[in-house]
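Please open the structure in your viewer and keep the selection panel at hand. The stops below say what to select next and what is to be found there.

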Amino acid sequence: MRTVAVIPAYNESSTIGSVIDGTSRYVDEVVVVDDGSTDDTAAIAREHGAHVVTHVFNTGVGGAVRTGYQYAIRHDFDFVVQVDADGQHDPEKIPTLLDHAEDADMVIGSRYLNESIDDYPLIRRLGITFFTTVVRKLGGIDITDVTSGFRVYRVSALKDILHRSDNHWAVEQTLDAAQRGQRIEEVSIEMPIRDEGESQFSLDTLVLYPIRMTDTVFRVLLFR
């Protein structure tokens, strides 16, 4: 079974090398999608042995991971492991996710199945809870952390759920997978908050969640 790790990266030169080194121990190939970085992310990734796909401009995490998924599909990999470039995801947990993927189409590393979620800001926790609750109700699945980016996909199933929106790709994919009856599992994975950078969750974005969620839900329920 051939496994590829997809690492979306935007200006992550300080961490990308160590993430690749740790991840490469558990997969057959590492692909870094350099999402329009203006620093040395791409060069460092190549130095550490990753295959680099470069976006001319920044598309966001959703666009970057879709490029990585398409690479996995074109090159006939069996599983995709998705890992963040900022070091938040511990590569040593990859074997655990892959073990569960033997009997699943999607495996999600959950912060809510352990105490690491307690360190996240309240606004971010509210955002995660909001999205997760909607997907649980509409998808009829028992999950706790729908926005987690530490995941494994079976490529044969991933082909059917490639997301079209870059804003809430994880929500769209997971809801779509649930609607199609794909096997979704969660695994307890501790994820400390990153030391640098800013979260996508803020009070302003929280207010916009109902509108954005409505768009995502209609896209999945009516047009898939």
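Which residue in β2 does Ala5 stand opposite? Select Ala5, and then Val30, because Val30 in β2 is the residue that stands opposite Ala5, in strands that pair (DSSP finds at least two bridges between two such strands). This is a predicted model, in which local features need pLDDT of at least 70 and side-chain atom pairs count only at pLDDT 80 or more, while totals for chains, interfaces and linings use all residues. Residues are numbered from 1 along each chain as its sequence is written, and side-chain values use heavy atoms, with hydrogens and water left out.

**The whole chain**

Before going further, colour the chain by secondary structure, which comes to eight helices and seven strands; these are DSSP runs numbered from the N terminus, helices being H or I of at least four residues and strands E of at least two. Of the 224 residues of the chain, 53% count as buried, where buried means under 20% relative accessible area, exposed over 50%, and partly exposed in between, with a 1.4 Å probe and protein chains only.

**The sheet**

Select the strands next: they form an open sheet of seven with mixed pairing, in the order β3-β2-β1-β4-β6-β5-β7. At its edges stand β3 (51–55) and β7 (184–188), each with a single partner strand, so that one side of each is left without a neighbour in the sheet. From one strand to the next the twist averages 20°, with axes taken as lines fitted to C-alpha atoms, for helices over the stretch in contact, and angles running from 0 to 180 degrees between N-to-C directions.

Return to strand β1 (residues 3–9) and strand β2 (residues 29–35), which run parallel and are joined by six bridges.

**Strand β6 and its partners**

Now select β6 (residues 151–154), where Arg151 and Tyr153 point one way, Val152 and Arg154 point the other way, and all are buried. Strand β4 (residues 79–82) pairs with β6 in the antiparallel sense over four bridges, and strand β5 (residues 106–110) pairs with β6 in the antiparallel sense over three bridges. Centre the view on Tyr153, which is the bridge partner of Val80 and also the bridge partner of Met106.

**Helices α5 and α7**

Add helix α5 (residues 122–139) and helix α7 (residues 169–179), which pack at an angle of about 15° with their axes 9 Å apart. That angle makes α5 roughly parallel to α7, the word being used for angles under 35 degrees. In their contact (heavy atoms within 4.5 Å), Phe131, Val135, Leu138 and Gly139 of α5 meet Val171, Thr174, Leu175, Ala178 and Gln179 of α7.

Stay with α7, where 10 of the 11 residues are buried, so this helix is largely enclosed by the rest of the structure; among them are Trp169, Glu172 and Asp176. Just after α7, select Gly181, which takes a positive phi of about 80°.

**Two loop residues**

Finish with two loops, beginning with Asn11, which is found between β1 and α1 (16–23). The phi of Asn11 is near 55°, a positive value in a residue other than glycine, and Asn11 is partly exposed, with a relative accessible area of 29%. Then select Asp76, in the loop between α3 (61–74) and β4, where phi is near 60°, again a positive value in a residue other than glycine. Asp76 counts as exposed, at 57% relative accessibility.

How values were computed
Parallel < 35°, antiparallel > 145°, perpendicular 65-115°, else oblique.
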